[in-house]
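Biologist: Could you walk me through one part of this model in detail? I would like a close look at the place where ligand 2 sits.

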Amino acid sequence: MGMEIFEQVDEYIRDLVGSEDEILKATNDSVNEANIPPISVSANQGKFLQVLAKICNASNILEIGTLVGYSTIWMARALPKGGKLVSLEFEPLHAEVAKRNIDRAGLSNVVDIRVGRALDLLPKLKGPFDMIFIDADKQPYKEYFEWAMKLSRPGTLIVADNVIRDGKVMDPDSPDEMVQGARRFNEFLSTVSGVTATIIQTVGSKMHDGMALAVVN
Ligand code: SAH
Ligand code: DHB
Ligand code: MG
């Protein structure tokens, strides 16, 4: 079975329950104008994050890895009045484009983009967050998860993107640094106490990949 059917079903689901408004479309398109890699979550994955934020009743969300703010907007739209989302981004250009997108979405009072290395910014944050989305560089995913636990309370949902990488995570000898970062993270997740965790595979318009979901006990 080829990936075609997964792409078609992804489109089918998107047309039913994952459609983007003009703001999300323009946000996704902003990667092209600025020559930024097109690695935002897909529309259905964005909707999935939004549903998760609602399930968590989140009023305080942390994101690690903003890019142009696409996943940010999906999640921020789940927040109740007065809710906040902090998003960490290393690249000033990404943060600048993201801020424009967030402005256009009318979310500049809700979303706080901080520019710098996540590992430098995380110690300055005050938790607890209700939901944390890890989606920055993959090599320090384990450390991001440890910080996420420190910034959590019982019931916090921690989500980590890109932990399957086309199944390459099963290969201990993979030369791909993203794969090695995901492998190291997944193995850590399997041993860490204090969370109830699983990993789901994702298919569709993006490559075959996966998200780890962990609830803090
Ligand atoms: N969450 C976004 C995609 C994020 S892509 C979405 O789905 O819409 C990963 C982002 O992490 C990139 O913008 C990259 O610049 C940023 N990043 C890479 N290393 C980082 C670091 N050390 N600290 C913070 N952000 C980092
Ligand atoms: C890459 C990063 C991501 O967060 C993603 O969802 C897909 C790809 C990357 O760096 O290649
Ligand atoms: Mg990702």
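Modeller: Happy to; here is the site, starting with the pocket and ending with the contacts. This is a predicted model, in which local features need pLDDT of at least 70 and side-chain atom pairs count only at pLDDT 80 or more, while totals for chains, interfaces and linings use all residues. Residues are numbered from 1 along each chain as its sequence is written, ligands are numbered from 1 in the order in which they are written, and side-chain values use heavy atoms, without hydrogens and water.

Ligand 2 sits in the largest pocket (more than half of its atoms lie within 2 Å of the grid points). A pocket here is an open set of points on a 1 Å grid over the protein atoms alone, where a 1.4 Å probe fits, with protein on both sides within 12 Å along at least five of seven lines; lining residues have an atom within 4 Å of a point. The space in the largest pocket is about 640 Å³, the volume filled by probe spheres set on the points. Its lining has 34 residues, and Ile 39, Gly 65, Asp 135, Ala 136 and Asp 137 are the closest to the centre.

Around ligand 2 itself are Ile 39, Asp 135, Lys 138, Asp 161, Asn 162, Arg 165, Met 178 and Lys 206, each with a heavy atom within 4 Å. Polar contacts (N or O pairs within 3.5 Å) link oxygen atoms of ligand 2 to the side chains of Asp 135 at 2.8 Å, Lys 138 at 3.0 Å and Asp 161 at 3.2 Å. The protein covers 76% of the 300 Å² of accessible area that ligand 2 has on its own (Shrake-Rupley method, 1.4 Å probe).

Methods: A polar contact is a pair of N or O atoms within 3.5 Å; within protein, one must be able to donate a hydrogen and the other to accept it, and residues adjacent in sequence count only if both atoms are side-chain atoms.
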